[in-house]
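Dear colleague,

Here is the structure I promised to pass on, and below it you will find my notes on what turned up when I went through it. Please read them with the structure open beside you.

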Amino acid sequence: QGAGEDYEGLADTVASNPALWDNLTPTAKTRIAPILAKKGFTGFGRPMAESAVTELAQSRSAVESLRDLRRTLEENEQYIGPISGVQAISPYSEARKARAKIDLVRQRVGSALEKGVLRKEDEEKYKRILATLYDTPSTAIAKVDMLIDTLNRDMKIFEEEQRFGGRRVQIGRAS
């Protein structure tokens with residue numbers, strides 16, 4: 001951008017595509033930073049580390065898996081409960097599908113909360129924390145909702161800490 005160029009237009013372009021901020025010259029950044037700030041742009045700072053992006057992605061994936069599990073539990077309520085859950089033992093029962101989904105979600109949620117691979121002790125812990133077919137339907141759904149809330153809160157705190165550390169976090173990605 002030379003003298004007299006349209007810094008307002010450049011600011012609009014960066015606001016619509018924040019990744020462009022990293023490609024600007026120091027002079028252009030200095031000129032458009034006040035314009036962007038007035039527009040509420042918060043994309044200043046260094047990009048997040050790849051490990052931080054991966055951590056947020058795992059947490060978002062776990063939340064979506066939990067939401068899917070919640071729907072599955074609601075749709076299969078007849079297989080959930082202290083007595084009904086026993087149906088999962090039968091190889092012909094639809095309850096086995098719900099149990100398989102619970103097992104998959106347990107792995108994803110546990111990996112997100114433990115920041116990596118689950119140990120045997122972690123598997124046991126998440127068997128108690130996450131819904132099972134032997135819980136009452138209301139308890140199973142409450143456990144899922146509690147985990148969704150916990151993961152969303154943790155992601156929000158993590159994103160705030162990234163910003164506090166001078167990192168750029170994309171807005172609108174948290175659930």
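Glutamate 114 has its place in helix α4, and with a relative accessible area of 28% this residue is partly exposed. Leaving aside neighbours within four places in sequence, glutamate 114 is in contact with Asp122, Lys125 and Tyr126. Please bear in mind, here and throughout, that this is a predicted model.

Helix α4, which covers residues 95–114, also packs against α6: the two axes come within 12 Å and cross at roughly 30 degrees, and the crossing is left-handed. On the α4 side the contact is made by Val109, Ala112 and Leu113, which meet Leu147, Leu151 and Asp154 in α6. Sorted by character, the residues of this contact comprise five nonpolar, no polar and one charged.

Helix α6 (residues 137–164) packs with α3 (residues 50–75) as well, at an angle of about 160 degrees and with the axes 10 Å apart. Because angles over 145 degrees count as roughly antiparallel, α3 and α6 are described as roughly antiparallel to each other. The crossing of α3 and α6 is again left-handed, and the residues of their contact divide into 15 nonpolar, three polar and seven charged.

Two residues of α3 may be worth finding on your screen. Serine 65, which lies in this helix, has a relative accessible area of 8% and is therefore buried, since buried means under 20%. Apart from neighbours within four places in sequence, serine 65 is in contact with Val105 and Arg108. Glutamate 75, also found in helix α3, counts as exposed at 59% relative accessibility. From glutamate 75 to alanine 98 the separation is 23 residues in sequence and 9.5 Å in space, taken from C-alpha to C-alpha.

In the loop between α3 and α4 lies isoleucine 80, and with a relative accessible area of 5% this residue is buried. Once neighbours within four places in sequence are set aside, the contacts of isoleucine 80 are with Leu73, Gly85, Thr132, Leu133, Asp135, Thr136, Pro137 and Ala140. Isoleucine 80 and leucine 56 are 24 residues apart in sequence, and their C-alpha atoms are 31 Å apart in space.

Turning to the beginning of the chain, the axes of α1 and α2 come within 9 Å and cross at roughly 75 degrees, so that these two helices are roughly perpendicular to each other. In this contact Tyr7, Glu8, Leu10, Ala11, Val14 and Ala15 of α1 meet Ala28, Arg31, Ile32, Ile35 and Leu36 of α2. The contact of α1 with α2 is made up of nine nonpolar residues, no polar ones and two charged ones.

How many aromatic pairs does a search of the whole structure find? The search finds one. The rings of tryptophan 21 and phenylalanine 41 have their centres 6.3 Å apart and their planes at 50 degrees, so the pair is tilted. Tryptophan 21 sits in the loop between α1 (7–16) and α2 (26–38), while phenylalanine 41 sits in the loop between α2 and β1 (46–47), and the pair therefore ties together parts that are 20 residues apart in sequence. Both tryptophan 21 and phenylalanine 41 are buried.

Tryptophan 21 appears once more in the surroundings of arginine 168, a residue with its place in strand β2 (residues 167–168). Is arginine 168 buried or exposed? With a relative accessible area of 14%, arginine 168 is buried. Not counting residues up to four places away in sequence, arginine 168 touches Trp21, Asp22, Gly43, Phe44, Gly45, Arg46, Pro47 and Met48. One of these partners, arginine 46, is 122 residues from arginine 168 in sequence, yet the two are 5.6 Å apart in space, C-alpha to C-alpha.

With best wishes

Definitions and conventions
Residues numbered from 1 in each chain as written. Predicted model: local features only at pLDDT ≥ 70, side-chain atom pairs only at ≥ 80, totals over all residues. Heavy atoms only, no water. Phe/Tyr/Trp six-rings, centres within 6.5 Å; stacked < 30°, edge-to-face > 60°. Helix = DSSP H or I, 4+ residues; strand = E, 2+ residues; numbered from the N terminus. Buried < 20%, exposed > 50% of the residue type's maximum accessible area, 1.4 Å probe, protein only. Axes fitted to C-alpha atoms, helices over the stretch in contact; angles between N-to-C directions. Parallel < 35°, antiparallel > 145°, perpendicular 65-115°, else oblique. Left-handed = near helix turned anticlockwise from the far one by under 90°. Nonpolar A, V, L, I, M, F, W, Y, C, P; charged D, E, K, R; others polar. Contact = heavy atoms within 4.5 Å.
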